[in-house]
Amino acid sequence: KAKEEIGSCYLIHIKCPLDTCIYRDVKGLYKKARNGEIKNFTGISATYEEPKQPNLVINTTLLSIEESVKKIYDYILPLIKNK
């Protein structure tokens, strides 16, 4: 739908398993969602579906922050330069 509306569109999927998201949750949002304090929370009370054909996947369990950023930068930079 976005591609139809705005033309070129790139989907970068930041992949992280639910248990890792919960472990990294410094704000306690997952705990609140599990306690029913937050409704429709993705992965807890609302379904989550991974994108079927992302242009790029960043697996944060395998890559450091620096590696993740570099991978995104290396992907986006040539796209920006060609515009």
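User: Let's start with glutamate 50. Which side chain does glutamate 50 meet in a salt bridge?

Analyst: Keep in mind that this is a predicted model. Glutamate 50 has a partner whose nitrogen sits 3.6 Å from its oxygen, and a salt bridge needs such a pair within 4 Å. The side chain that fits is lysine 15.

User: How many residues apart are glutamate 50 and lysine 15?

Analyst: Lysine 15 belongs to strand β1 (residues 12-15), while glutamate 50 is in the loop between α3 and β2. The pair therefore ties together distant parts of the chain, and both ends count as partly exposed, glutamate 50 at 42% relative accessibility and lysine 15 at 30%. The separation in sequence is 35 residues.

User: What about the other pair: which residue forms a salt bridge with aspartate 74?

Analyst: The structure holds two salt bridges, and in this one the closest N and O atoms are 2.6 Å apart. Aspartate 74 is partly exposed, with a relative accessible area of 40%. Its partner is lysine 70.

User: Why are aspartate 74 and lysine 70 separated by about one helical turn?

Analyst: Both residues belong to helix α4 (residues 65-81). They come about one turn apart because their spacing in that helix is four residues.

User: Now aspartate 25. Which side chain of opposite charge is nearest to it, and how far away?

Analyst: Aspartate 25 sits in the loop between α2 (18-24) and α3 (29-34). It is buried but has no salt bridge, and the cut-off for one is 4 Å. The nearest oppositely charged side chain is lysine 27, at 7.7 Å.

User: Which backbone atom of lysine 27 lies 3.4 Å from a polar atom of the aspartate 25 side chain?

Analyst: The charged side chain of lysine 27 is 7.7 Å away, but its backbone is another story. At 3.4 Å from a polar side-chain atom of aspartate 25 lies the lysine 27 backbone nitrogen.

User: Leaving aside neighbours within four places in sequence, what is aspartate 25 in contact with?

Analyst: Aspartate 25 is a buried residue, in the loop that leads from α2 to α3. With those sequence neighbours set aside, its contacts are Tyr30 and Lys31.

User: Zooming out, in which element is the confidence lowest?

Analyst: Across the chain the mean pLDDT is 90, and 89% of residues reach 70 or more. The elements run α-β-α-α-β-α from the N terminus, and strand β2 (residues 56-59) has the highest confidence, at 97. The lowest, at a mean of 66, is in helix α1 (residues 2-6).

Definitions and conventions
Residues are numbered from 1 along each chain as its sequence is written. This is a predicted model: local features need pLDDT of at least 70, side-chain atom pairs count only at pLDDT 80 or more; totals for chains, interfaces and linings use all residues. Side-chain values use heavy atoms; hydrogens and water are left out. Helices (H or I, at least four residues) and strands (E, at least two) are DSSP runs, numbered from the N terminus. Buried means under 20% relative accessible area, exposed over 50%, partly exposed in between (1.4 Å probe, protein chains only). Lys and Arg count as positive and Asp and Glu as negative; His and the chain ends are not counted. A polar contact is a pair of N or O atoms within 3.5 Å; within protein, one must be able to donate a hydrogen and the other to accept it, and residues adjacent in sequence count only if both atoms are side-chain atoms. Contact means heavy atoms within 4.5 Å. pLDDT is the predictor's confidence in each residue, from 0 to 100.
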